[in-house]
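Hi,

Here is the structure I said I would pass on. Have a look at it first, and my notes come right after.

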Amino acid sequence: MPQKLTVEQALSQAEQAAKIGNVANAVQLYNLVLGHFPNHPVAENELHRLQMKSSVQSGSIAEDTHPPQDQINVVIQLIQSNQMIQAEQITRGLLNIYPQA
């Protein structure tokens with residue numbers, strides 16, 4: 001059975017994951033929050049901050065119109081493990097951030 005988290009727990013875990021460099025897990029948690037609360041200001045802000053940091057580190061200054069491959073891979077892994085609700089939630093969060101994708 002998947003672990004149920006409160007919004008505060010998910011945000012806290014995402015922050016901790018980002019601090020230790022586990023960006024994929026942080027992104028997944030922020031997208032999970034956004035899947036339930038599409039305009040959650042903290043999740044949107046922190047996810048955008050992680051994406052900007054990632055873009056600067058990779059040398060890409062232009063705003064990306066598509067989610068990074070590691071975020072897509074998380075969705076694929078969830079689908080392959082038959083976790084469709086979580087995959088849908090994360091996909092909705094990605095669509096909020098990348099509406100042109």
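Below is what came out of going through the model, from the whole chain down to a few single residues.

One thing to keep in mind as you read: this is a predicted model.

Starting with the whole chain, the secondary structure comes to five helices and zero strands. If you follow the sequence along, the pattern reads α-α-α-α-α. The protein chain has 101 residues, and buried ones make up 32% of them. Its accessible surface is about 6600 Å², with 55% of that belonging to carbon and sulfur atoms. I also looked at contacts between residues with a separation of 6 or more: 51% of these link residues 24 or more positions apart.

Next, a helix pair to pull up on your screen: α2, which covers residues 23-36, and α4, which covers residues 69-80. Their axes come within 10 Å and cross at roughly 70 degrees. An angle of 65 to 115 degrees counts as roughly perpendicular, so that is how α2 and α4 are placed relative to each other. As for handedness, α2 passes α4 in a right-handed crossing. Which residues make the contact? On the α2 side they are Ala 24, Val 27, Gln 28 and Asn 31, and on the α4 side Asp 70, Gln 71, Val 74 and Leu 78. Sorted by class, that gives four nonpolar, three polar and one charged residues.

Asn 31 turns up again when you go to Gln 89. Gln 89 sits in helix α5, residues 84-97. Is Gln 89 buried or exposed? Its relative accessibility is 11%, and the cut-off for buried is under 20%, so Gln 89 counts as buried. Setting aside neighbours within four places in sequence, Gln 89 is in contact with Asn 31, Leu 32, Gly 35 and His 36. Those four residues fall within the 23-36 stretch of α2.

The last residue I picked out is Val 42, in helix α3, residues 41-57. Val 42 has a relative accessibility of 41%. Since partly exposed covers the range between 20% and 50%, Val 42 counts as partly exposed. How far is Val 42 from Tyr 30? In sequence they are twelve residues apart, and in space the C-alpha to C-alpha distance is 8.8 Å.

That is what I have for now.

Best wishes

Key
Residues are numbered from 1 along each chain as its sequence is written. This is a predicted model: local features need pLDDT of at least 70, side-chain atom pairs count only at pLDDT 80 or more; totals for chains, interfaces and linings use all residues. Side-chain values use heavy atoms; hydrogens and water are left out. Axes are lines fitted to C-alpha atoms, for helices over the stretch in contact, and angles run from 0 to 180 degrees between N-to-C directions. Helices (H or I, at least four residues) and strands (E, at least two) are DSSP runs, numbered from the N terminus. Angles under 35 degrees count as roughly parallel, over 145 as roughly antiparallel, 65 to 115 as roughly perpendicular and the rest as oblique. A crossing is left-handed if the near helix is turned anticlockwise from the far one by less than a right angle, and right-handed if clockwise. Contact means heavy atoms within 4.5 Å. Ala, Val, Leu, Ile, Met, Phe, Trp, Tyr, Cys and Pro count as nonpolar, Asp, Glu, Lys and Arg as charged, and the others, Gly among them, as polar. Buried means under 20% relative accessible area, exposed over 50%, partly exposed in between (1.4 Å probe, protein chains only). Accessible areas come from the Shrake-Rupley method with a 1.4 Å probe; for residues, only the protein chains shown count as cover.
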